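Hello,

Here is the structure I promised to hand over. My notes on one helix and on the cysteines follow below.

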Amino acid sequence: MHKLYPLFRPLFFAADPEAAHDIVLRGLDGAAALGLARLASPHLSASPVRVMGIEFPNRVGLAAGLDKNAAHLRGLATLGFGFLEAGTVTPRPQPGNPKPRLFRLVKSEALINRLGFNNDGVDRFVDNVARSRYQGVLGVNIGRNFDTSNERAADDYVACMRKVYAYASYITINVSSPNTKGLRDLQDEQAFGALLAHLKSAETALAQEHGRRVPLAVKIAPDLDVAAIDGIARLVIRHRIDGVIATNTTLARDGIGAERHADEPGGLSGKPLREQSTAAIRMLARALDGALPIIGVGGIFSGADACDKIDAGATLVQLYTGLIYRGPALVAECLKALAARPR
């Protein structure tokens, strides 16, 4: 798969992006079921790290969004990731926004998506995780349904927490997708503080019920200014959140030329997001001052990019759009670069 992906990429990129996405994941599942995926995977030395109380086999993970329904964990686990984050999942199934809603900007090595939390609902998600028998570190990214008001958003997050708690290594609270109307307003200081208080209360009760505590992380937008990031840092420390994922996709269009689909609305990911995301990590790291770890994501296309995120203050990194453009070889490249990085 690592060596073959560049040969097949032109075929995948000739297809509709969502259709190609499904074809690749189903092919990976098939290769995993036949034992072919592991045979083709490169041998990578273990480089474990303990973060949020979890032992991660390595620092490179899969970002949320690629496997929204946790339907492809078995195949994705063969690519060398130290952890997988599935979702975003909502309490009830929802179709997401009308198609077309996913666009490649090939010259810019970017994607624009306005998927809108399309998923099969938390009950199907949990069934998929149970059937997968995946034994690795699993992050579960949760959100609110599109028709749930922000005033009731905490109810949706808690409903998801209750369903996924037994299966999750950590749970990510997604308040930063630009594709669900009003969702980013939950990052405003008053709303954010109230939400975190509610979720920490639910987490305490669930920890007592299950006999273990599942860490909570929050995923933030890259479009926040210094004052907003400082406010988020104060609140995650005050409410004893375990980690911050920085960042989600951006509404900005910096670094994109005049190419097809450049004006499509939605969240932008890929190379044009790289510097913006790294700058947000740097600001967040300064504000947190080591109080809790950061997972860096956004525009990682090389091992050097992964190292830049760590140098900016991240402890772990995640891939998504770079994986689409570079293929599975990117995972190994990032791991090797991080292993060679001066301590």
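How many residues does helix H9 have, and how far does helix H9 reach from its first C-alpha to its last? Helix H9 covers residues 274-288, so numbered from the N terminus as a DSSP run (H or I, at least four residues; strands are E, at least two). It has 15 residues and reaches 21 Å, close to the 21 Å expected at 1.5 Å a residue. The expected span is 1.5 Å times one less than the number of residues.

Before you go on: this is a predicted model, where local features need pLDDT of at least 70, side-chain atom pairs count only at pLDDT 80 or more, and totals for chains, interfaces and linings use all residues. Residues are numbered from 1 along each chain as its sequence is written, and side-chain values use heavy atoms, without hydrogens and water.

**Helix H9**

Buried in H9 are Ser 277, Thr 278, Ala 280, Ile 281, Leu 284 and Leu 288 (under 20% relative accessible area; exposed is over 50%, partly exposed in between; 1.4 Å probe, protein chains only). They line one face of the helix, because they fall within an arc of 155° seen down its axis (directions from the helix axis to the C-beta atoms). Glu 275 and Arg 286 are exposed on the other side. The buried residues pack against partners including helix H8 (226-238) and helix H10 (303-312) (contact: heavy atoms within 4.5 Å). Asp 289 follows H9, with a positive phi near 50°.

**Cysteines**

The whole structure has zero disulfides (cysteine sulfur pairs within 2.5 Å). For Cys 307, the nearest cysteine sulfur is that of Cys 334, 8.0 Å away. Cys 307 is buried at 12%.

Best wishes
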